[in-house]
Amino acid sequence: MTTSTATARIFDAYFRQRAERADAFSLGDQIALVDTLLREAEEQGMVPIAADRVARVPPDSPRVRAILEGRDVAIGGAQIQGGQTWQQRMAALPPLQKVLILVAVFLVPGILLWGLGAVRSRSLEASETPAALAAADTATPTPTLDPASLFPTPTPYGAVLADSNIPDGPNDPVSIAFSSLAFTLGKASLGAPGEPSGEWKPAVAEWLPGTEVRRVVAVPYSQEVGAAVAGMKYGDLLTLRLRSGETAYYTLTDIRRVQRYQIEILNDPHPSLVVILHSERSGERWVLVAEAVQDTNLPLPTPRSGGFVFATPTPDLAFTPPAPVTEVYTDSLTVDNPQAGLRLHISHCANVVQVGAAQGAFVVCDVTLTALQDGVRYSGDTLAITERAQVEQVPGWWPAPLSVIGAFGTGEIPAAGQSLDGKVAGEVAKGRSAPLLLWEQGNLRFVISLDEALQ
Amino acid sequence: MRVYIDANGNRAFDIGEGVDDLLVLVSAQGYQVQTYTENGLARVQTDPAAIPENTPLEIQTPYLHWSTTVKAPASGVTASAELRLELPVFPAFLP
């Protein structure tokens, strides 16, 4: 039996995330968490496939049972053949095998190693004391914060940017840091060459060019960013580093949930910064709003105007970090999502060669959303069509959105039992693997085979 | 000193286009004062006895990395400077 370092890292990251959420810092707590994870694997077939994702596989699968019972399983060896359900075939995929084996092999040693690391990191945190900041009189002074002490262990910059995407103006921001995170910033472009402009599809973290008074930055909505934001408080500093080498500081004044169409958040006549947590599977976005620190050492000759309107800060940051996503593989064309309060039914799908002006290989499905309770939110951003090969290769894979006439917008179904019909479209350019419909909402991600719907 | 975002592209200041709370520094002959814009406008009064007419006054907006020089006015006269900013191109919806 063999396992890889990569899969070990996946489990380690997943375990850390679960331990932090459960405040499991002592050895006893961690052992209890081990029991919980084993129980989840045994009873519900839940196994981690990324730091923030778990997959649900059939717990009665012979492969799963073999691993849970401590027997060896050969990777790449005999496959489950004939008579299996689609879920069982999914469970037999190589990446999943590795993760399952990981559950058995790395559980205890991983926890022990992590436990030692946690003890060490906690002692380091305890020894840090924020130094005073020699700030001048500004509208919102932050006299007790030292920017350097706020970012003791920034994430190493890992993004690789094409030359054309690097901010090139001397005063363009090239990186952003907040809480314990840092991102290299690319320069946003609205629409790829040859495509209609207006759509901003950031890959990692980007700055929107031309935004000078209110600077606009987008960073990915992920477990990592969510944990960092959840640890912030009003008045914390966000740092933009400019290409000139200058550092610009901003203090967090607000965090809010906005609809994707509320682009007015991008335009404000006060020196400020807005950070969008992008690419959430939702019609809404979290945005952080921060006011620029404009400090000098000069006395103010005139009292500052009271024109700046702040959002009323609350003692605790009104932010909910993303929770782990549970992945459910199914070939049923009707699925209930109790966390979203919605039922999804796929009535029919068709292969088409053109969607709008785009030509290629596409699948378009007629879908009905039915409210299971009053006042449930829905969004076309939670639905997508892709191919099995993509889902297998990239954990959490989500294709680029494809607009089609009749697609779902974003809104609310007011009463239980009410339904809404719409279309979902996606590109299946590879064509060598079966098309799937993805529905991710309320921390549940359904991976639905479309084989039957296409017949 | 006027700072505005030319939202309608008419190259003139219109109501609602002013930048607020922007730090403005004015310096001349060793004197330096600071103020903030309100409705896009920042005003600084100079003393002709200390800063005679036609003395170069340097005006800076550090946040926008912009500066210019105007001549100190005579008593009772106003000298002005203007910073016009283009409206950025925004996406049709948030990413």
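**Entry 1. Terms and the open sheet**

Two strands count as paired if DSSP finds at least two bridges between them. With that settled, I turned to chain A of this model, which is predicted. I found an open sheet of nine strands there, in the order β4-β3-β8-β9-β11-β10-β7-β6-β5 and with mixed pairing. I then asked why one side of β4 and of β5 is left without a neighbour in the sheet. β4 (181–184) and β5 (186–187) of chain A stand at the edges with a single partner strand each, so one side of each stays unpaired in the sheet.

Within this sheet I looked up one pair in detail. Strand β8 (residues 237–242) and strand β9 (residues 247–259) of chain A are joined by five bridges in the antiparallel sense. I noted one of the bridges: A:L240 has A:A248 in β9(A) as its partner.

**Entry 2. The two chains**

I recorded the make-up of each chain. Chain A holds nine helices and 21 strands, and 47% of its 455 residues are buried. Chain B has zero helices and six strands; from the N terminus on, its elements run β-β-β-β-β-β. Of the 95 residues in chain B, 43% are buried.

I also looked up how far apart in sequence the contacting residues lie. Among contacts in chain A with a separation of 6 or more, 66% are between residues 24 or more positions apart. For chain B, the share of such contacts is 38%.

**Entry 3. The nonpolar cores**

In soluble globular proteins, nonpolar side chains tend to be buried together. I therefore searched for nonpolar cores, and the largest has 51 residues. A:I176, A:V219, A:L238 and A:L277 have the most contacts inside this core.

I followed A:I176 further. Leaving out residues up to four places away in sequence, A:I176 touches ten listed residues, among them A:L181, A:F183, A:V219, A:L240 and A:V275. A second, separate core has 28 residues, including A:V367, A:V424, A:L444 and A:A453.

**Entry 4. Strand β21 of chain A**

A:L444 led me to strand β21 (residues 444–449) of chain A. How many of the six residues of this strand are buried? Six of the six are buried, and the strand is mostly covered. In a regular strand the side chains alternate between the two faces of the sheet. From β21(A), A:L444, A:F446 and A:I448 point one way, while A:R445, A:V447 and A:S449 point the other way.

I then looked up the partners of this strand. Strand β12 (residues 325–330) of chain A runs parallel to β21(A), joined to it by five bridges; in one of them A:T326 is paired with A:L444. Strand β20 (residues 435–441) of chain A pairs with β21(A) in the antiparallel sense over six bridges, and A:L438 has A:V447 as its bridge partner. β20(A) and β21(A) form a hairpin with two residues between them. A:G442, in the turn, has a positive phi of about 60°.

**Entry 5. Residues in loops**

Most residues other than glycine have a negative phi, and most peptide bonds are trans. I noted two residues with a positive value. A:S179, which is not a glycine, has a phi near 50°; A:S179 sits in the loop between β3 (173–178) and β4 of chain A. B:D21, also not a glycine, has a positive phi of about 60°, and B:D21 lies in the loop between β1 (2–6) and β2 (23–28) of chain B.

Is B:D21 buried or exposed? Its relative accessible area is 1%, under the 20% limit, so B:D21 counts as buried.

I applied the same test to A:D236, in the loop between α7 (223–230) and β8 of chain A. The relative accessible area of A:D236 is 9%, so A:D236 is buried as well. Beyond its neighbours within four places in sequence, A:D236 is in contact with A:G231, A:Y250, A:T251 and A:L252. A:D236 and A:A290 are 54 residues apart in sequence, with 9.0 Å between their C-alpha atoms.

**Entry 6. Cavities**

Lastly, I searched the whole structure for cavities of 30 Å³ or more and found three. The largest cavity encloses about 80 Å³ of space. Which residues lie closest to its centre? Of the 13 residues lining the largest cavity, these are A:E212, A:V213, A:R214, B:I5 and B:P88. I recorded the lining as six nonpolar, three polar and four charged residues.

Terms used. Residues numbered from 1 in each chain as written. Chains lettered and ligands numbered in written order. Predicted model: local features only at pLDDT ≥ 70, side-chain atom pairs only at ≥ 80, totals over all residues. Heavy atoms only, no water. 1 Å grid on protein atoms, 1.4 Å probe; cavity = no way out; pocket = protein on both sides within 12 Å on 5 of 7 lines; lining within 4 Å. Points joined across faces, edges and corners; volume = space filled by probe spheres on them. Nonpolar A, V, L, I, M, F, W, Y, C, P; charged D, E, K, R; others polar. Core = buried A, V, L, I, M, F, W, Y, C linked by side-chain atoms within 4.5 Å. Buried < 20%, exposed > 50% of the residue type's maximum accessible area, 1.4 Å probe, protein only. Contact = heavy atoms within 4.5 Å. Helix = DSSP H or I, 4+ residues; strand = E, 2+ residues; numbered from the N terminus.
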